[in-house]
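Proteins are rarely packed solid, and helices often lean on one another. Let's take a tour of one model and see how some of its parts sit together.

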Amino acid sequence: MSRLRTPLTELVGIEHPIVQTGMGWVAGPRLVAATSQAGGLGILASATMTYAELEAAVAKTKAHTDKPFGVNIRADASDAAERIELLIREKVRVASFALAPKKELIARLKDAGVVVVPSIGAAKHAVKVASWGADAVIVQGGEGGGHTGPVATTLLLPSVLDAVDIPVVAAGGFFDGRGLAAALAYGAAGVAMGTRFLLTQDSSVPDEVKQEYLRRGLQDTVVSLKVDGMPHRVLNTDLVDRLEHSGSWRGLSAAVANAAKFKSMTGMKWSTMIRDGLAMRKAKDLSWSQVIMAANTPMLLKAGLVEGNTQAGVLAAGQVTGIIDDLPTVQELIDRIIDDAVARIDTIAALRDGAAATPGASA
């Protein structure tokens with residue numbers, strides 16, 4: 001088996017510079033353990049878990065792998081500090097964040113030996129978290145699924161690499177060895193992938209939903225503001241089309257109803273949800289209507305990704321959906337990506353030496 005040693009593999013203690021992102025309702029113990037066992041870095045998604053569910057998920061992951069894995073935490077959650085103490089107590093290797101964590105949270109994690117890897121969407125945000133002590137960052141370009149920005153990975157990645165001197169992991173548009181080789185050529189320390197891991201045999205997403213993804217082409221995702229008030233790349237379904245053409249009051253009323261469902265499912269108190277909403281509004285500089293609409297996200301994603309209801313649910317998806325056509329195991333996927341990346345890197349090296357190059361293996 002080929003290997004690629006990068007600052008990411010050295011920092012975290014993994015075999016391969018490949019990260020499986022913390023996708024809500026998707027990145028559970030089975031997928032995370034499979035990724036870590038295959039030599040990558042699996043990341044549990046805790047934003048859609050209660051504290052007790054996260055505690056159980058960490059224990060289940062540890063029961064299936066003794067290799068490093070991570071947990072994604074919402075930095076603005078009211079119980080973020082308690083979740084961080086859980087990570088420290090359970091000796092979880094990596095803490096990742098969808099929002100920039102507070103300076104004191106980074107310090108607490110680093111003092112305990114936990115590697116801190118926030119996800120960011122702009123060079124200035126990378127500079128900020130690096131100054132606070134973040135060990136590495138994940139930078140996602142506009143091709144990525146879920147909440148995303150307007151700048152393509154090919155431009156966002158080099159802008160971040162030029163701004164910081166910590167390891168940078170590239171996300172948004174990656175699915176094979178060609179992408180990994182290209183990211184390493186840019187200067188990244190590895191790649192992070194969501195949709196590609198969702199579309200594996202180890203993903204718990206229902207098979208009929210996976211087939212819906214596989215049927216789609218490169219033009220079949222849309223960045224919608226109507227799902228939760230923020231740019232959100234999803235599959236272009238009939239539901240999304242209706243949301244796109246609906247008035248703002250319809251979206252707000254649906255969001256309030258979904259907030260009530262999420263409260264019932266998680267056992268959260270209204271006071272906790274309001275406190276989380278206040279923190280989200282401050283951290284993301286959102287309007288109150290956007291905060292209310294954000295309540296749509298957990299339930300709409302759950303309907304599609306867990307319950308398999310593609311008519312009533314939203315399916316977060318990167319643009320790579322349109323080019324993926326198979327469902328390998330995670331082990332097969334990672335082995336294939338590494339072998340292909342190494343072959344392509346060797347081919348490029350041969351060009352420099354003036355030797356006849358053999359095209360790399362196809363993905």
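Keep in mind that this is a predicted model. We'll start with a pair of helices. The axes of α2 and α3 come within 9 Å of each other, and they cross at roughly 35°. That crossing is right-handed. On the α2 side, the residues making the contact are Pro29, Val32, Ala33 and Gln37, while α3 brings Ala57, Lys60, Thr61 and His64. Sort this contact by class and you get four nonpolar, three polar and one charged residues. Why quote an angle and a distance at all? Two packed helices are described by the angle between their axes and by how far apart those axes are.

Now for the empty spaces. Rolling a probe the size of a water molecule over the atoms shows where space is left unfilled. The second largest pocket holds about 370 Å³ of space. It has 20 lining residues, and Trp25, Val26, Gly28, Met49 and Val306 are the closest to its centre. Four helices each give two or more residues to this lining: α2 (29-37), α3 (51-64), α12 (248-266) and α15 (296-305). The largest share comes from α2, with three residues.

Where does this pocket lie relative to the domains? Both domain 1 (7-205 + 325-349) and domain 2 (217-306) give residues to its lining, so the second largest pocket lies between them.

There is also one cavity of 30 Å³ or more in the model. The cavity's volume is about 40 Å³. Its walls are made by Leu8, Val12, Val19, Leu41, Ile43, Val94, Val117, Ile138 and Val169. Two elements, α1 (7-12) and β2 (41-45), give two or more residues each to that lining.

Here is how the two linings look by residue class:

| Space | Nonpolar | Polar | Charged |
|---|---|---|---|
| Second largest pocket | eleven residues | five residues | four residues |
| Largest cavity | nine residues | no residues | no residues |

So what is the lining of the largest cavity made of, by class? It has nine nonpolar residues, with no polar and no charged ones.

One last stop is a loop. Gln311 lies between α15 and α16 (330-353). Which residues does Gln311 touch, leaving out those up to four places away in sequence? They are Asp238, Leu239 and Arg242. Another residue to look for here is Val240: Gln311 and Val240 are 71 residues apart in sequence, and their C-alpha atoms are 9.4 Å apart in space.

Key
Residues numbered from 1 in each chain as written. Predicted model: local features only at pLDDT ≥ 70, side-chain atom pairs only at ≥ 80, totals over all residues. Heavy atoms only, no water. 1 Å grid on protein atoms, 1.4 Å probe; cavity = no way out; pocket = protein on both sides within 12 Å on 5 of 7 lines; lining within 4 Å. Points joined across faces, edges and corners; volume = space filled by probe spheres on them. Nonpolar A, V, L, I, M, F, W, Y, C, P; charged D, E, K, R; others polar. Domains from an automatic or database assignment. Axes fitted to C-alpha atoms, helices over the stretch in contact; angles between N-to-C directions. Left-handed = near helix turned anticlockwise from the far one by under 90°. Contact = heavy atoms within 4.5 Å.
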